[in-house]
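These are my notes on the model, set out point by point. Please read them alongside the coordinates.

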Amino acid sequence: QKTAYEIMPSLVGSEMCIRHRMDEPLADASLMPTYLLSRFTRQEVKVALGGDGGDELFAGYPTYQAMRLATYYLRLPRWMRALTEALIERLPVSFDNLSLDFRAKKFIQGLGYPPVRRHYVWLGTFTPEEKIDLFTPQVRDALEGMDEMALLEEMLQGKRFSSLLGKLLYLDLKLYLQEGILAKVDRASMAHGLEVRVPFLDHQFVSLVAGMPEGLKLKGLTTKYIWKKALRGRIPQEILRRGKKGFGIPIAKWFAGELKELMLEVFSEEALRRQGIFQPPTVRRLIEEHLARRKDNRKKLWNLFIFQLWWRNFGGGW
């Protein structure tokens, strides 16, 4: 039997999984394993429980740790930061999932932004400056004066928070969880007739946890602190101690292997010029850097790749 990793590359471009099941270009790569896991689970049950919401309620994401590290890092002397950043830039590119060089370079990239925006630069893909080179002049003209990150400040207006972490948890509940993760799980599971329920998002539980001090959620660099304390003695200690592991797939390696030909097809210069959204030279540079292993552009290429597949089916094709 084929393994899930052998099956997933063929599903990426298939009519069933990406283009017809999703009515929007959602580029969360964990859609693939979620889709396959849902298919497997549906063979036994019709309803399953999911753990979504736990990271947003109890500060479980590495970006929260990074925000805390940033406060210490920015206090270092300028020469020390310059030396650190020069060393990070020289780290060899790895295609492993969430490799050291990927995380370190992403960390440095976000430091020039105000704290709330910094969080979403880390969580996101293209920075506002990178989008200037990505979009064609026509698209840039249409977007002139728009600031997509202004939404973050708007959502926080009129609300009181005791800490920066409280702001980030609120925004991630309203944006990342609500608009991304829950949509992904719902589409991937219901594609197989599986209903996934989320106990963490019971409204009474959410109200209880939202009222807890943020220091009980992220204590030092320990994520989900109070939740882990509550579960001590109820589940094996090795589970409580183990690090967070995302539901990732080896996109970087696939783009250099099994998905290379499909990637080059959807990013052909002729197709991009007819479409008129993305600058062909910018996309070509991202591809060349990735294939030559000068940079790990998996996330940028994946977002564009999923958008192109969606556009070909719902946006009028090319």
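**Notes on the model**

1. Asp-101 has a relative accessibility of 5%, under the 20% limit, and therefore counts as buried. The model is a predicted one, and this residue belongs to helix H7, which covers residues 100–110. The side chain of Asp-101 has a polar contact, at 2.7 Å, with the side chain of Ser-99. Beyond the neighbours within four places in sequence, the contacts of Asp-101 are Leu-91, Pro-92, Val-93 and Ser-94.

2. Asp-101 has company in H7: Phe-102, Ala-104, Lys-106, Phe-107, Ile-108 and Gly-110 are buried as well. Which elements cover the buried residues of H7? Among them are helix H5 (62–73), helix H6 (78–89), helix H8 (115–123) and helix H20 (298–314).

3. On overall architecture, the protein contains 20 helices and two strands. Its radius of gyration is 21 Å, in agreement with the value near 20 Å that a compact globule of 318 residues would have. Along the principal axes, the C-alpha atoms occupy a box of roughly 60 × 55 × 40 Å. Of the 318 residues, 43% are buried. Among contacts with a separation of 6 or more, 73% are between residues 24 or more positions apart.

4. Gly-50 sits in the loop that runs from strand E1 (47–49) to helix H4 (54–58). Is this residue buried or exposed? Gly-50 counts as buried, because its relative accessibility is 18% and the limit is 20%. Leaving out neighbours within four places in sequence, Gly-50 touches Val-196, Arg-197, Val-198 and Pro-199. The C-alpha atoms of Gly-50 and Val-185 are 8.9 Å apart, although 135 residues separate the two in sequence.

5. Arg-197, one of the contacts of Gly-50, also forms a side-chain salt bridge with Glu-195, at 2.8 Å from N to O. Both partners count as partly exposed: Arg-197 has a relative accessibility of 45%, and Glu-195 has 34%.

6. The salt-bridge count for the model is 18. One of these joins Arg-273 to Glu-269, with the closest N and O atoms 2.9 Å apart. The two residues are separated by about one helical turn, because they lie four residues apart in helix H18 (residues 269–275). Arg-273 counts as exposed at 52% relative accessibility, whereas Glu-269, at 38%, counts as partly exposed.

7. Helix H19 (residues 280–291) holds another pair, Arg-285 and Glu-289, with a spacing of four residues or about one turn of the helix. Their salt bridge has a closest N to O distance of 3.5 Å. Arg-285 is partly exposed at 37% relative accessible area, while Glu-289 is buried at 9% relative accessibility. Elsewhere, Asp-55, Lys-224 and Lys-244 are joined into one network by salt bridges that share partners.

8. The accessible surface of the protein is about 17,700 Å², and carbon and sulfur atoms account for 55% of this area. Leu-37, Phe-40 and Phe-247 make up a nonpolar surface patch, with a combined accessible area of about 320 Å². Where does Phe-247 lie? Phe-247 is in the loop between helix H15 (237–241) and helix H16 (251–255), and counts as partly exposed at 43% relative accessibility.

How values were computed
Residues numbered from 1 in each chain as written. Predicted model: local features only at pLDDT ≥ 70, side-chain atom pairs only at ≥ 80, totals over all residues. Heavy atoms only, no water. Patch = residues over 30% accessible without salt bridge, like charges linked within 9 Å, V, L, I, M, F, W, Y side chains within 5 Å. Areas by Shrake-Rupley, 256 points an atom, 1.4 Å probe, with all protein chains shown as cover. Salt bridge = Lys/Arg side-chain N within 4 Å of Asp/Glu carboxyl O. Buried < 20%, exposed > 50% of the residue type's maximum accessible area, 1.4 Å probe, protein only. Rg over C-alpha atoms; globule rule 2.2 N^0.38 Å. Contact = heavy atoms within 4.5 Å. Polar contact = N/O pair within 3.5 Å; in protein donor to acceptor, adjacent residues only side chain to side chain.
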